[in-house]
Amino acid sequence: MKLGTIFRFELAYQLRRAATWLYFVALFWVAWSIIQGNYVDDARNGWMFLNSPLVIASTTVVCCLLWLFVGASVAGDAASRDIESGMHPLVYTAPVGKFEYLAGRFLAAFALNALILLAAPAGMLLGMHWPDVEPDIPGEWRPAAFVLAYLSIALPNVFIATAVQFAFAALSRRAIVAYFGSVVLFFASMGLATFVATVLHQQEVARLLDPIGMKTILSDLSDTWTTTEVNTRLVGLQPVLIVNRLAWLCVGAAVLAWTYRRFRLAHPAEGRRARRRKARAALQGET
């Protein structure tokens, strides 16, 4: 069984689930609601164009934060379904290596979560073209703003979060534990980074500690850019955001490497027995 076969099977399986498309619709509605509820009035009051790059980036990063708890379902199911369904004795004895097994499952979860997050630009576009939107409140349409927000904000967040969620579920052999990974990332972004910035006044450290990019986009750029910059400057090419993205992509890759090292294609009970045997051997060696 090859990596591509595992990837296609997992992708097709989850695409057939109604929950996958419900997640897409829910995120689509969130993006539409943010545009209609937050930014239409701001654009009417002349604060910014409705389709300014910062509006697109801000909506994308908020959708990413809410998506964390959607993505956990996809990653957790991909990582642990064989154990929870009782299919692992058959799957683990198939001619497949650990790398192909884990990589196929992870890449399918990553692709599915990337697909779900496409609902964010789709919902924004509908909100910006809604019948009650006056033709003079959007500015010049710049597809690059949507593409750059997706590539520099959404996709890195998908990789980082899916890696953490997949690791928790794969190593615990329980899908629900993937949500703990989402909680860790959520509080790292909304709790730890905010605490470091507001209480310790370490702004640069806070930017690095934020795995989602909320602080850089919603605080730093929004508070420091002029109206002209908000309406014209593309978001995603700023050095501070690039450094944050690269740092957390490295964290995600390290988490995957650690997962690969720790994971065993064996029944969980066998892994526990092996650890007990090693512990007893170590104790005997000491005596």
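Visitor: How many cavities of 30 Å³ or more does the count come to here?

Guide: The count comes to 1 cavity of 30 Å³ or more; a cavity is a set of points on a 1 Å grid over the protein atoms alone where a 1.4 Å probe fits but cannot get out. This is a predicted model, in which local features need pLDDT of at least 70 and side-chain atom pairs pLDDT 80 or more, while totals for chains, interfaces and linings use all residues. Residues are numbered from 1 along each chain, and side-chain values use heavy atoms, leaving out hydrogens and water.

Visitor: How much space lies in the largest cavity, and which residues line it?

Guide: About 30 Å³, taken as the space filled by probe spheres set on the points. Its lining (an atom within 4 Å of a point) consists of T60, L117, A120, P121, M124, F146, A149, Y150 and A154. Of these, 8 are nonpolar, 1 is polar and none is charged.

Visitor: Which helix gives the largest share of that lining?

Guide: Helix α7 does, with 4 residues. Both α6 (119-128) and α7 (143-172) supply at least two. Helices here are DSSP runs of H or I, at least four residues long; the protein has 13 of them and 0 strands.

Visitor: Is K215 buried or exposed?

Guide: K215 has a relative accessible area of 10%, so it is buried (under 20%, with a 1.4 Å probe and protein chains only). K215 sits in helix α10 (residues 214-224). Beyond residues up to four places away in sequence, K215 touches A197, Q203, A206, R207, D210 and D220 (heavy atoms within 4.5 Å). Across the protein, buried residues make up 48% of the 287 residues.

Key:
Buried < 20%, exposed > 50% of the residue type's maximum accessible area, 1.4 Å probe, protein only. 1 Å grid on protein atoms, 1.4 Å probe; cavity = no way out; pocket = protein on both sides within 12 Å on 5 of 7 lines; lining within 4 Å. Nonpolar A, V, L, I, M, F, W, Y, C, P; charged D, E, K, R; others polar.
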